[in-house]
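Biologist: Before we trust any label placed on this protein, could we go through the labels one by one and ask what stands behind each of them?

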Amino acid sequence: QVQLVESGGGLVQPGGSLRLSCTASGTIFRLYTMNWYRQAPGKQRELVATITSGGSTTYADSVKGRFTISRDNAKNTVYLQMNSLKPEDTAVYSCNANVGLYNYWGQGTQVTVSS
């Protein structure tokens, strides 16, 4: 059974930085496309960033230039480095692993950007 565990969320002031981590177990991690999603209260879930098994990355327009997704296949971990955080980045961030018909989710980690 695949398990994804996120960590690194918390409270940060506007302009600050956080790094989220998502560690996978029970799978051949390197084969999966890994995604970070977020959902703010009252809003739809939004795809924030994607990194493929080959290392290609894509970002939502709202985070381009501020967020960086990366992966360490040796550690079965995907990261989301978030810089220049804004109050509108406040949300529950969840990682997702996808390959073919297989799709797995972590439990989510809260990120709050507030002064």
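**Strands, bridges and labels**

Modeller: Let us begin with the pairing of strands, where β7 and β8 run antiparallel and are joined by six bridges. Please keep in mind throughout that this is a predicted model.

Biologist: What makes β7 and β8 a pair?

Modeller: The label asks for at least two bridges between two strands, and β7 and β8 have six, so the two count as paired. One place to look is F67, which stands opposite M82 in β8.

Biologist: How do you know that β8 also pairs with β3?

Modeller: The reasoning is the same kind of count: β3 (residues 18-25) and β8 (residues 77-82) are linked by six bridges in the antiparallel sense, and at least two are needed. Within this pairing, C22 stands opposite V78 in β8.

Biologist: Which strand is joined to β3 by five bridges?

Modeller: That is β1 (residues 3-7), which runs antiparallel to β3. Here C22 appears once more, as the bridge partner of E6.

Biologist: Why are β1 and β7 called edge strands?

Modeller: The open sheet has four strands in the order β1-β3-β8-β7, with antiparallel pairing. In this sheet β1 and β7 each pair on one side only, and that is what makes them the edge strands. From one strand to the next, the twist averages 15°.

Biologist: What is it that holds strands of a sheet together in general?

Modeller: Strands pair through backbone hydrogen bonds, and the pairing may be either parallel or antiparallel.

Biologist: How do you know that C22 and C95 form a disulfide?

Modeller: The sulfur atoms of C22 and C95 are 1.9 Å apart, and the cut-off is 2.5 Å, so the pair qualifies as a disulfide. The structure holds one disulfide. This pair links distant parts of the chain, with C22 in strand β3 and C95 in strand β9 (residues 91-99), 73 residues apart.

Biologist: Why is this disulfide called right-handed?

Modeller: The torsion about the S-S bond of C22 and C95 is about 45°, and therefore the disulfide is right-handed. As for their surroundings, C22 and C95 are both buried.

Biologist: Is S21, in strand β3, buried or exposed?

Modeller: S21 has a relative accessibility of 14%, and buried means under 20%, so S21 counts as buried. Leaving aside residues up to four places away in sequence, S21 touches several others, among them W36, V5 and Y79.

Biologist: Why is N76 called partly exposed?

Modeller: The relative accessibility of N76 is 23%, which is not under 20% and not over 50%, so N76 falls in the class in between, partly exposed. N76 lies in the loop between β7 (67-72) and β8, and its phi is near 55°, a positive value in a residue other than glycine.

Biologist: What makes S84 partly exposed?

Modeller: S84 has a relative accessible area of 40%, again between the limits of 20% and 50%, so the label is partly exposed. S84 is in the loop between β8 and β9, and although S84 is not a glycine, its phi is positive, at about 50°.

Biologist: How do you know that R38 and D89 form a salt bridge?

Modeller: The closest N and O atoms of R38 and D89 are 2.9 Å apart, and the limit is 4 Å, so the pair counts as a salt bridge. R38 lies in strand β4 (residues 33-39) and D89 in the loop between β8 and β9, so this salt bridge ties together parts that are 51 residues apart in sequence. R38 and D89 are both buried.

Biologist: What other partner does D89 have in a salt bridge?

Modeller: D89 also forms a salt bridge with R66, where the closest N and O atoms are 2.7 Å apart. Salt bridges that share partners join R38, E46, R66 and D89 into one network.

Biologist: Why is D61, which forms a salt bridge with K64, called exposed?

Modeller: D61 has a relative accessibility of 66%, and exposed means over 50%, so D61 counts as exposed. In the salt bridge of K64 and D61, the closest N and O atoms are 3.2 Å apart.

How values were computed
Residues are numbered from 1 along each chain as its sequence is written. This is a predicted model: local features need pLDDT of at least 70, side-chain atom pairs count only at pLDDT 80 or more; totals for chains, interfaces and linings use all residues. Side-chain values use heavy atoms; hydrogens and water are left out. Helices (H or I, at least four residues) and strands (E, at least two) are DSSP runs, numbered from the N terminus. Buried means under 20% relative accessible area, exposed over 50%, partly exposed in between (1.4 Å probe, protein chains only). A salt bridge is a side-chain nitrogen of Lys or Arg within 4 Å of a carboxyl oxygen of Asp or Glu. Axes are lines fitted to C-alpha atoms, for helices over the stretch in contact, and angles run from 0 to 180 degrees between N-to-C directions. Contact means heavy atoms within 4.5 Å.
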